[in-house]
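Here are my notes on this one, written for someone opening it cold. Have a look at the picture and then read the points in order.

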Amino acid sequence: MKTKTSPARPQTRNEARCIEFAGDLSPGAARALLGFGFSERDYARMDELSQKANSGTLAPAEQIELDTFERLGLILDIIHSKARQMLK
């Protein structure tokens, strides 16, 4: 899921604060974390759910699924950001 720059929501700041690595990461560990992400199958499902949301045909259970993908994407973004900072 591609990320867009937007003002941090309070939940985002809380999640970022809660995700901390115990000590410094080795460069190899940081690069390994940057490799974590969604599968192609997940991206296809997110696209399907987004299209349904845009057309107004998203079922309540699908909204929960889409929200879950969004939260997981946010967590991955935070982990990736922290890993990139370790590589500087």
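Which residues do ring pairs link into a cluster? They are Phe-38, Tyr-43 and Phe-69, and I come back to them in point 3.

1. Ground rules. This is a predicted model, where local features need pLDDT of at least 70 and side-chain atom pairs count only at pLDDT 80 or more, while totals for chains, interfaces and linings use all residues. Residues are numbered from 1 along each chain as its sequence is written, and side-chain values use heavy atoms, with hydrogens and water left out.

2. The overall picture. The protein chain has 4 helices and 0 strands (DSSP runs numbered from the N terminus: H or I of at least four residues for helices, E of at least two for strands). Reading from the N terminus, the order is simply α-α-α-α. Of the 88 residues, 22% count as buried (under 20% relative accessible area; exposed is over 50% and partly exposed is in between, with a 1.4 Å probe and protein chains only). The accessible surface of the chain is about 6,500 Å², and carbon and sulfur atoms hold 55% of that (Shrake-Rupley method, 1.4 Å probe; for residues, only the protein chains shown count as cover). Taking contacts (heavy atoms within 4.5 Å) between residues at least 6 apart in sequence, 73% join residues at least 24 apart.

3. The ring cluster. Searching the whole structure turns up 2 aromatic pairs (ring centres of Phe, Tyr or the six-membered ring of Trp within 6.5 Å; planes under 30 degrees apart are stacked, over 60 edge-to-face, the rest tilted). Phe-38 and Tyr-43 have ring centres 6.0 Å apart and planes at 75°, so this pair is edge-to-face. Phe-38 also pairs edge-to-face with Phe-69, at 5.8 Å centre to centre and 70° between the planes. That second pair links distant parts of the chain, 31 residues apart: Phe-38 sits in the loop between helix 2 (27–34) and helix 3 (40–55), and Phe-69 in helix 4 (residues 60–87).

4. How covered are those rings? Phe-38 and Phe-69 are both buried, with Phe-38 at a relative accessible area of 15%. Tyr-43, at 30% relative accessibility, is partly exposed.

5. Helix 3 itself. I checked its length against the expected span (1.5 Å times one less than the number of residues). With 16 residues, helix 3 should span 22 Å, and its end C-alpha atoms are 23 Å apart, which agrees. Gly-56 follows helix 3 and has a positive phi, near 80°.

6. Arg-45 and its partners. The count of salt bridges is 4 (a side-chain nitrogen of Lys or Arg within 4 Å of a carboxyl oxygen of Asp or Glu). One of them joins Arg-45 to Glu-62, 3.9 Å from N to O. Arg-45 is in helix 3 and Glu-62 in helix 4, so this bridge ties together parts 17 residues apart in sequence. Arg-45 also bridges to Glu-65, where the closest N and O atoms are 2.7 Å apart. Glu-65 likewise belongs to helix 4 and Arg-45 to helix 3, so here the parts tied together are 20 residues apart. As for exposure, Arg-45 is partly exposed at 21% and Glu-65 is partly exposed at 28%, whereas Glu-62 counts as buried at 13%.

7. The rest of the network. Glu-62 also meets Lys-52 in a salt bridge, 2.6 Å from N to O. Lys-52 is in helix 3 and Glu-62 in helix 4, so the pair ties together parts 10 residues apart in sequence. Lys-52 is partly exposed, at 26% relative accessibility. Through shared partners, salt bridges join Arg-45, Glu-48, Lys-52, Glu-62 and Glu-65 into one network.

8. Don't skip His-80. What does the side chain of His-80 reach at 2.7 Å? The partner is the backbone oxygen of Phe-36. His-80 lies in helix 4 and is buried, with a relative accessible area of 15%. Leaving out residues up to four places away in sequence, His-80 touches Leu-33, Leu-34 and Phe-36.

Terms used. Polar contact = N/O pair within 3.5 Å; in protein donor to acceptor, adjacent residues only side chain to side chain.
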